[in-house]
Amino acid sequence: PPEAFRAVGSRRVLVLGEGLLVDTVREEATRACARHGGGVRHRPPGGNGTADEPFDLVLALSTAEAPAVVTAVRDEFRRTSGQDAIGDEGFVLAHRDGVTVVLADEPAGLLYGFFHVVRLGETAFDAARPAEHHRPAMRRRMLNHWDNVDVHPVMGQVERGYAGGSIFWKDGALREDLTRVRAYGRLLAACGVNALSVNNVNVHRTEAHLLTDRLGDVAAIADELRPYGIRVHLSVNFASPVILGGLPTADPLDERVRQWWARATERVYQTIPDFGGYVVKADSEGQPGPFAYGRDHADGANMLADALAPYGGVVHWRAFVYNHRQDWRDRSTDRARAAYDHFAPLDGRFRDNAIVQVKYGPMDFQVREPVSPVIAAMPATRLAVEFQVTQEYTGQQRHVCYLAPMWSQVLGFRPFGADGPSVADIATDADTGGAAERAVRTAADGGAHAGGGLVAVSNVGDDRFWTGHPLAQANLYAFGRLAWDPRLDPVAVLDEWIDLTFVPSATADPERLRRTLHAMMDESWLTYERYTAPLGVGFMVRPGHHYGPDVDGYEYTPWGTYHFADRDGVGVDRTRATGTGFTGQYPKPWSDVYESLAECPDELLLFFHHVPYGHVLRNGSTVIQHIYDTHFEGVEQVAEIRRLWEKLDRELVSPEVHARVSELLDEQLRCAEEWRDQINTYFFRKSGVPDARGRRIY
Ligand code: GCU
């Protein structure tokens with residue numbers, strides 16, 4: 001809300017430098033000051049400036065002619081850091097002689113510095129605050145939109161979208177009014193996102209044309225987002241040379257095909273000079289790919305990388321490849337193994353501008369999965385890690401489920417053990433780590449390489465609250481913040497979001513709102529886990545739309561997502577000793593930890609092992625009793641969340657937000673009860689073991 005800009009807007013601001021993004025900073029500051037009584041100047045004061053220039057905040061490019069306070073901050077930064085460069089998107093925030101200074105080498109840094117000051121509010125102007133230097137850990141912080149131009153007969157307009165229609169497309173065409181796209185760019189810049197793909201990874205007929213005759217639509221979106229430092233990417237269909245070019249083949253090694261892509265890409269860059277690149281889902285869930293021509297994923301990705309290279313573009317080639325036509329009777333095929341089996345052998349074969357985009361887990365965005373072993377298996381490849389902000393398997397934006405704690409856990413996971421790099425280190429492509437961190441990374445990688453950044457599927461649509469559930473906005477915000485700095489504490493990030501989103505009236509008690517939202521959201525991911533599929537086993541959702549429980553919904557289907565529950569036990573044996581051997585895809589120590597029934601973490605037990613219902617967990621409970629306990633507990637927690645919201649003073653949030661959240665909490669409670677009862681009943685009927693506490697099971 002405009003109120004969040006009060007601290008900046010009530011001050012005397014000077015913005016110095018040239019460039020589109022510097023203009024954006026000026027506009028932002030002007031807008032804030034017009035509202036809150038401050039003022040903005042665009043030109044340096046005469047002469048070299050003096051210490052008593054009448055400014056409270058100076059935002060300056062390091063190349064700009066600037067008053068003495070700015071040069072003093074720059075010199076101080078160089079002296080204390082020993083560095084010359086603040087970094088492409090980085091900025092320094094410091095205080096000097098009563099003036100707050102934001103200094104950046106590039107316009108993008110100034111924009112991020114501006115939003116940092118907004119985020120800090122009054123505290124940004126505290127002269128006692130030590131100087132700060134910020135740079136993003138990930139060079140590319142990207143959202144993928146799974147938006148279709150046409151409404152797809154099964155998937156609707158936004159595949160796995162829970163916030164209404166697309167903000168880009170309507171009735172088979174680009175929206176006429178793109179105001180909202182501009183506002184989206186602003187939102188994303190404020191949390192640090194700098195890249196976005198505009199269409200679904202499943203590229204249907206109409207959408208394939210965005211690459212050629214409908215490229216103008218993409219250019220129009222790029223125009224709206226450019227002032228906020230966001231580059232546009234496009235999902236392309238691997239068979240485009242056939243579908244659009246009339247060629248008889250899309251073989252990546254065929255010269256005609258290569259030339260077709262080179263020409264198509266040249267036209268893209270003529271139209272959108274700062275175009276980011278392509279996103280490709282190939283040979284996955286029915287999408288075309290190189291396999292049809294006897295080629296592999298490196299052949300496919302490299303062909304597109306070569307077409308993009310002259311312009312500095314990148315291809316994001318997705319590793320989500322598995323057999324979705326598996327026979328459920330076939331116990332030798334394990335979907336969890338697929339990405340590694342396809343991609344690990346190709347390590348070292350991908351071009352520098354080909355980024356292999358890996359989902360964080362080996363299956364599919366479940367509430368609990370181990371970290372994908374692919375992330376540790378391709379030291380000579382640029383890897384990007386993919387999250388799902390849209391809550392396909394985590395409550396579909398009808399349930400409160402703050403996902404940042406899960407992402408933070410994934411980013412902090414160390415696949416080679418405590419002394420090795422974290423997932424965030426592997427995905428990091430900017431040289432931001434300290435020397436020690438880099439040395440560790442280099443050792444474990446067997447060579448220095450750049451990572452591919454962070455990517456997530458967006459949760460935004462044309463819904464009035466952007467994300468369906470108003471509290472789901474926190475996930476979007478947190479994704480951007482963690483991509484900027486993976487070490488941030490998710491609870492602190494939530495705090496930032498609360499402060500920026502709900503600026504209560506002077507009479508209301510903001511602490512109360514903060515406490516309530518933390519109580520509702522901090523642990524909501526774990527709450528969701530408790531009332532849904534237990535102990536890492538995953539799925540158990542209604543087939544197709546994936547909302548609500550259906551324990552055997554996928555058990556006899558071709559999708560490779562099974563739990564193997566019988567009267568004696570449940571879980572998937574993925575050990576080397578007796579199972580599918582998936583544990584062997586991890587380096588030590590995890591290959592041994594996951595293999596061992598005694599050492600495997602409880603929360604992943606059923607992902608790695610098939611165990612009897614009486615198996616005693618490390619937490620002392622049996623598997624069956626744990627299932628009952630967590631399901632009763634999960635529902636109680638949802639009831640508590642709902643109670644907290646109902647108790648909240650009405651003036652702390654708008655009536656519209658209050659009503660929407662209340663309505664959704666009713667649904668969350670209903671759905672959680674349904675999960676509890678179906679899961680508990682199913683396992684009681686299978687096992688015959690009663691609940692030790694005699695609670696009601698059907
Ligand atoms: C999931 C999702 C699909 C999506 C796919 C992907 O399987 O259900 O809708 O297309 O992931 O990531 O490509």
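Q: What is 2.7 Å from an oxygen atom of the ligand in the side chain of K359?
A: In this predicted model, an N or O atom in the side chain of K359 is 2.7 Å from an oxygen atom of the ligand.

Q: Which other polar side-chain atoms lie 2.5 Å or 2.7 Å from an oxygen atom of the ligand?
A: A polar side-chain atom of E159 lies 2.5 Å from a ligand oxygen, and one belonging to D364 lies 2.7 Å from an oxygen atom of the ligand.

Q: And how much of the ligand does the protein bury?
A: The ligand exposes 310 Å² when it is taken alone, and the protein buries 97% of that area.

Q: OK, which residues around the ligand come nearest?
A: There are 14 residues around the ligand, and of these E159, K281, R318, K359 and E392 come nearest.

Q: How does that shell divide into nonpolar, polar and charged?
A: Eight residues of the shell around the ligand are charged, while four are nonpolar and two are polar.

Q: Switching to the fold: which strands close into a barrel, and in what order?
A: Eight strands close into the barrel, and following the order given by the pairing you pass through β7-β12-β13-β14-β15-β16-β17-β18, with parallel pairing. From one strand to the next, the twist averages 25 degrees.

Q: Which barrel strands can I look at residue by residue, say starting from β12?
A: Strand β12, which covers residues 195–197, runs parallel to β13 and is joined to it by three bridges, and within that pair L196 stands opposite V232 of β13. Strand β13 itself spans residues 231–235 and is also joined by three bridges to β14, residues 277–280, again in parallel, with G277 in β14 as the bridge partner of H233.

Q: What does β14 pair with after that, and over how many bridges?
A: Strand β14 pairs in the parallel sense with β15, residues 314–318, over four bridges, and V279 has H316 in β15 as its bridge partner.

Q: Which helix touches β14, β15 and β16?
A: That is helix α10, residues 297–308, which packs on the sheet and touches those strands, and its direction makes about 160 degrees with that of β15.

Q: There's an open sheet too, so how are its strands ordered?
A: Six strands form the open sheet, in the order β2-β1-β3-β5-β4-β6, and their pairing is mixed. The edge strands are β2, at 39–41, and β6, at 132–134, each of which pairs on one side only, and the twist averages 15 degrees from one strand to the next.

Q: How do β1 and β2 run, parallel or antiparallel?
A: Strand β1, residues 12–16, and β2 run parallel and are joined by three bridges, with R12 having G39 in β2 as its bridge partner.

Q: Which helix lies across that sheet?
A: Helix α4, residues 107–120, lies across β1, β3, β4, β5 and β6, and it runs at about 55 degrees to β4.

Q: What about β8 and β9, what do they form?
A: They form a hairpin with three residues between them; the two strands run antiparallel and are joined by two bridges, and H152 stands opposite G156 in β9.

Q: Last topic, the backbone: which peptide bond is cis, with omega near 5 degrees?
A: The bond from K588 to P589 is cis, with omega near 5 degrees, and P589 has its place in the loop between β19 and α19.

Q: Where is L535, and what about its phi?
A: L535 is found in the loop between α18 and β19, and although this residue is not a glycine, its phi is positive, at about 50 degrees. As background, most residues other than glycine have a negative phi, and most peptide bonds are trans.

Definitions and conventions:
Residues are numbered from 1 along each chain as its sequence is written. This is a predicted model: local features need pLDDT of at least 70, side-chain atom pairs count only at pLDDT 80 or more; totals for chains, interfaces and linings use all residues. Side-chain values use heavy atoms; hydrogens and water are left out. Two strands pair if DSSP finds at least two bridges between them. Axes are lines fitted to C-alpha atoms, for helices over the stretch in contact, and angles run from 0 to 180 degrees between N-to-C directions. Contact means heavy atoms within 4.5 Å. A residue is near a molecule or strand if one of its heavy atoms lies within 4 Å of it. A polar contact is a pair of N or O atoms within 3.5 Å; within protein, one must be able to donate a hydrogen and the other to accept it, and residues adjacent in sequence count only if both atoms are side-chain atoms. Accessible areas come from the Shrake-Rupley method with a 1.4 Å probe; for residues, only the protein chains shown count as cover. Ala, Val, Leu, Ile, Met, Phe, Trp, Tyr, Cys and Pro count as nonpolar, Asp, Glu, Lys and Arg as charged, and the others, Gly among them, as polar.
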